[in-house]
Amino acid sequence: MEELIERSAADIAAEVRAGRVSASHVTEATLAHVDSVEPVVGSYLTVLSDLARTHAARVDDRIRKGELLPLAGVPIAVKDNMCLDGTRTTCGSKILENWVAPYTATAVARLLDAGAVPIGKANCDEFAMGSSCENSALGTTRNPYDLSRVPGGSSGGSAAAVAAGEAAIGLGSDTGGSIREPGAFCNLIGFKPTYGRVSRYGLIAFASSLDQIGPLARSVEDAALAYDAMAGYDAMDATSIDRPVEPTATSLREDLRGLRIGIVREFDTKVLGEDLDRLYHAAYLDLERLGAELVEVSLPSADYGLATYYLIAPAECSSNLARFDGVRYGLRIDGNDVREMYDNTRAAGFGAEVKRRILIGTYALSSGYYDAYYVRAQKARTLIARDFQNAFAACDLVACPAASCPAFEFAAKSDPYSMYLMDYYTIPMSLAGLPALSVPCGWTTPQGGRVRMPIGLQLCAPLFGEKLLLGAAHAYEQATKHARARKPVTLEVNA
Amino acid sequence: MSVQYEAVIGIECHVELRTVTKMFCGCPNEFGGEPNTKICPICLGMPGALPVPNAIAVEHIVTTGLAFGAEIPGFSKFDRKNYFYPDMPKDYQISQYDMPLAVGGSVKYWMEDGTMKECRLTRIHLEEDTGKSTHAGSGDGRIAGSSYSLLDFNRAGVPLMECVSEPELHDPQEAIAYLESLRRTLLALGVSDVKMEEGSLRCDANVSVRPAGSTELGTKTEIKNMNSFRSVERAIVSEVDRQIALLSSGERIVQETRGWDEINGVTHSMRSKEEAHDYRYFPDPDLVPLEVAAGNVSRLKAALPVLPWQRFERYTHTYALGGKQATQLIDNLALANYFEAVVARSGNPQQASNFVLGDLSRLANETGVPVSDSKVTVEDLAELIDLVERKRVNSKIAKELLTRMWDGAGSPAEIVEREGLAQTSDRAAIEPFVDEVLAAHAEIVAEYRAGKTNLAGFLVGQVMKASRGKADPAMVNELVRDKLGS
C-alpha cells in the first residue's frame, strides 16, 4: 500500500489502464493513507470518500469499456477555492464554511473526465491570500517534511496532500506564487501555466487578471499529464485563450542542448544567505552541464513587482469579494437592516488578511486615488511584461529562485509585509502572465531547524511556452533527482 | 421685477434589449415568469462563475448608435460599477465607464405641430440589469417599515442599454417628443420592446432652470421613479415649478437625486450629492476589451431600416401629409409599409393616407384583422384610388367598394364592372334624373327661385340618390343649377 501511494500519476494511470490494478483499489489505498496521516498533516478541509469511490467505480467501468483515460484512477486533491458540484467549497473562509457548490469548475471537470478521482478539497489561505496556509480560517496544514513548518501557500493543502501521498496530483491556483512557493516548500513541481491557458470558470476569484489554475505534482511528467488534461479554450471563460494546446507530457526533453537560459542580473542570490546562494549557483551550473548556455538578462522593473501586485490584486479582490454579503449564500449574521447585516456578516466572515486586502483595494480604486495607485500599477505591470519580452529576445527560459527561503515555522512571519516578501521572485511572472514552475533544486537546513528542507528553482518561459518549460524542467529533474533525497516524515513514520 | 426662467432638461434612458439570452449567461431573456426560474450560477453571481458577453447585445448597441449617427469607436471595454445592493448579485454591475460602445450622435424628434427638432446624445453604453426587490410586511410595498424583502433574479443580467442625452430639451413637451422618437426608433430597429409598463424602458430626467437667455447651466436635480411618459411630463413640470419658486424667493437649488411621487404629484429628496456613491469603476478583469471590427460596423450600417424620423420627413415634405397623419402611420410600422406600397403604385399619398387611416383602419378595428393582412391588397387599393381619380367612382361608391373588397369581393374594377357601379358624367344619362327630381319637388324649386338658393344642395342630393350614387356629383350640380336658372 505504501508503494502505491508513492507511485507517480503516470504509473498509476498506466497500471489502471492496463487492468493490473483498479481505480477503486488505488482509491481505497489512498483513502486509508489519508485516514492515517490527516491527523498530523491536515491537508484536506473535506475528504470526499463517497464521491471518490463513486468516481473510481465509474473509471473502472470506463476502462472496461476500453476508454484510454490519461489520468485513469489518479487520486487528486482539489484546492478548496474550486467548485465541485455537490461538495462543500469554502475558500478556507468562515463566510463560505457551509457553502455547497452547485456546479463544477471546468479544470476540475476536465481532470475528472480524464479519469482522475477526487480525494478531497484541500486547505488553502483564505480566498488564496497568503503564502503559508496560516490564513485559513478552517484548519491547519503542516509541511510533510517537517510538521513544525508551514507547507507554503496559498495552495498549501494541495501541496501537502501530494507531498504526503494523500493524492498524486494537487490542483492549485497561483495569483502571485501560490502554486510555485508551496511546490518549492514541499519538494514538488509547482506549475503555473500561461494566464488564459486553463479556464478559471469555477475558480473562486481572488484577483481575476492574475489567477491561474495549475498542478502540483511529484514529477514533471505528472504535472505535464495534468496540464495536458486541463489546458485549452473554454467558452465559459472570456479570458481563456482560443489557441491550440501542444501536448507536453509526450515531448519531455532529456537535455538542455541548444537552449539559452537567462540568469536575472537583479536577482542576486547572495541576499538569500550563503547556503541558498551556493545551492542556486550549483543549480545554474547543472543547467549549463545539461547543455544550456547561461546568459545574463535584466528585469529592471521587477523590483516594482511586489508594490504593483499589492495594488492590482487587492483592487480586484475588493470587487470580487463584494458578493459575499450574506444575501444569497454563505454566512449571514442578521442586523436591524440590510446595511447592518452586511457589516455583521463580513466582519464575522472574513479574516484579518482578507479584510486588509479589501481595504487596500477599496482605497486604491477610490475616486481621487485611482490614477495615483491603480492606473500607475497597471503601467508598472506593462513595464514588467516588457522587461520579460526583452529578456526573451536573448534567452529561451529564465531561471531564478522560486522563494527566498525554505519552509518556515508557524507564526514566523507575523507581520504582513514579511509574508508578502515570500512572493518576491514569483510575482513578476504572474504580472506578465507567463508560464513558470518551481522544480526541486536542493536541500538546506534552516536556521534553528532540525531537518533539511527542500528549495525550488523557478523556470519561466515566454507566453505559451509550456512545452519548452516542462521539457526543460524534466531534463533538469531527471539529471539531478533532488526530490528523491528525502522522504516526507509521513512516509518515514509509516515505513 | 420678475425674472423669466427657462428649463434645461437631459434624459437618461435604460432600455432592456431584446435578445434570446441574457447579457453574460445562457438564461432566457424574457419578461416575467415565476420568481427565480430564469437563473443560473452566472446571473446569480455564484462564487467562481464568470461572465461571457452576448455578441447580439453588443450589435444592438452598435446598431442603435449608428441609427442616431453616433461614433462607434473601434475599441471599447466593460467596467465594474461597485456598490452594495441586495438585488445586485455580485454587488457590482458590469457596465461601461469611459469607453462606451457609441459616442455622440443625436435623436431627431418632432413636435405635435410637425416641427422637427434634434437633441444630441452624450453616449450609449451596454450594461446588465439588476434583479427586483419586493418589500414585504409594510402593507404598501415600500422599504420603509417593511420587515423583509423578497428577491427575484429573473431580470438580473438582462442586457441593458443606457442612452444619455445632452441637456438640450427645454420643456416637458420636448422631453416627451424626444422619448417618443427614441422609443419609435428602438422599435423600428428591433433592439427592444420598449415597454414602459414592463420596465423595458425606464428613464430619469436631469432638470435645471436658468434665466431665459442665459447660457450657463443652473444646478440640476435628477428625477427618478417615473413610470410613464405622462409621469415624466408631470414630474418635469412639477420640478421646474419647484426650482423657479425657490430661485424666485432667493433660495438655492441643491444638487441631489429626487424621486417622483405619482400620487401627490411632487418630487421629494432621495439623496444629496454628498451622499452619492463612489462607484470605484475599474476595467472588469473577467472580460477582455471589445474590439468592434470596422467590417461589422459597415454590415450593421447597411442593414439599418428606414428610421421613423426619416419617414416623418418624407411623409410631411414629399407626401405633404399633416403631422398627425404622418405620426399615426409611423406608429404602426406594418401600416406605414402598406401605405408606402400603395403610394408607390398610385402616386397619390393624400388619398392613400385617407383610405388607410380612415375606412381601412376602421375596418381593421372592427374585425381585428390588421390592414396589411387584410384581403385589400396594395394593388387593389391603388386601383381604387385610380378609379376615384379618374372619376370612375365617386367617394360614396368608393367607401362601399372598400367594404366589399375587405370582405373579399375582388378587385374594385371587377366589382364596378360586375355591378355596374361606374360613375357617369354623361349629360344625357343624368338629365332624366334631374328632370324627375325637379318635377317631384315643385315647392322646393319655387322656394329656390324665390331666393332660397341654399336649397340646391338638397336637390343635388336627391338626384344622386335617384342615380344610385353613380352620377358624377359635379355634373349633377351643374345640371341642377342650369335647370333652376332657366
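The legends below describe several close-up views of a predicted two-chain model, with chains A and B.

In this predicted model, local features need pLDDT of at least 70 and side-chain atom pairs count only at pLDDT 80 or more, while totals for chains, interfaces and linings use all residues. Residues are numbered from 1 along each chain as its sequence is written, and chains are lettered from A, with ligands numbered from 1, in the order in which they are written.

**View 1. Overall dimensions of chain A.** The C-alpha atoms of chain A fill a box of roughly 65 × 55 × 50 Å along the principal axes. Its radius of gyration, taken over C-alpha atoms, is 21 Å, which agrees with the value near 23 Å for a compact globule of 495 residues; the globule rule used here is 2.2 Å times the number of residues to the power 0.38. Chain A has 17 helices and 11 strands, these being DSSP runs numbered from the N terminus (helices H or I, at least four residues; strands E, at least two). Of the 495 residues, 62% count as buried, a residue being buried if 20 or more other C-beta atoms, placed from the backbone, lie within 10 Å of its own, exposed if 12 or fewer, and partly exposed in between.

**View 2. Helix 8 of chain A and the residue that follows.** Helix 8 of chain A spans residues 220-230 and is mostly covered, with 11 of its 11 residues buried. Among them are the charged residues Glu221(A), Asp222(A) and Asp228(A), together with Val220(A), Leu225(A), Tyr227(A) and Met230(A). Helix 8 of chain A is followed by Gly232(A), whose phi is positive, near 120 degrees.

**View 3. Extended outline and domains of chain B.** Chain B is divided into domain 1 (5-300), domain 2 (332-419) and domain 3 (427-485), with bounds that come from an automatic or database domain assignment. Taken over C-alpha atoms, the centres of domain 2 and domain 3 of chain B are separated by 31 Å. The secondary structure of chain B comes to 15 helices and 16 strands; its radius of gyration is 31 Å, well over the 23 Å that the globule rule gives for 486 residues, so chain B is more spread out than a compact globule. The C-alpha atoms of chain B fill a box of roughly 95 × 60 × 50 Å along the principal axes, and 41% of its residues count as buried.

**View 4. An open sheet in chain B.** Three strands of chain B form an open sheet in the order 4-3-15, with antiparallel pairing, where two strands pair if DSSP finds at least two bridges between them. The edge strands are strand 4 (92-95) and strand 15 (282-283), each of which pairs on one side only. Strand 3 (residues 79-82) and strand 15 of chain B pair over 2 bridges, and Arg80(B) stands opposite Phe282(B) in strand 15.

**View 5. Nonpolar cores.** The largest nonpolar core (buried Ala, Val, Leu, Ile, Met, Phe, Trp, Tyr and Cys residues joined through C-beta atoms within 7 Å) has 272 residues, and those with the most contacts inside it include Val74(A), Ile76(A) and Leu459(A). Its largest share, 9 residues, comes from helix 2 (residues 172-189) of chain B. Apart from this core lies another, of 13 residues, among them Ile430(B), Phe433(B), Val437(B) and Val476(B).

**View 6. The contact between the chains.** The contact takes 25 residues from chain B and 32 residues from chain A, two residues being in contact if their C-beta atoms, placed from the backbone, lie within 7 Å.
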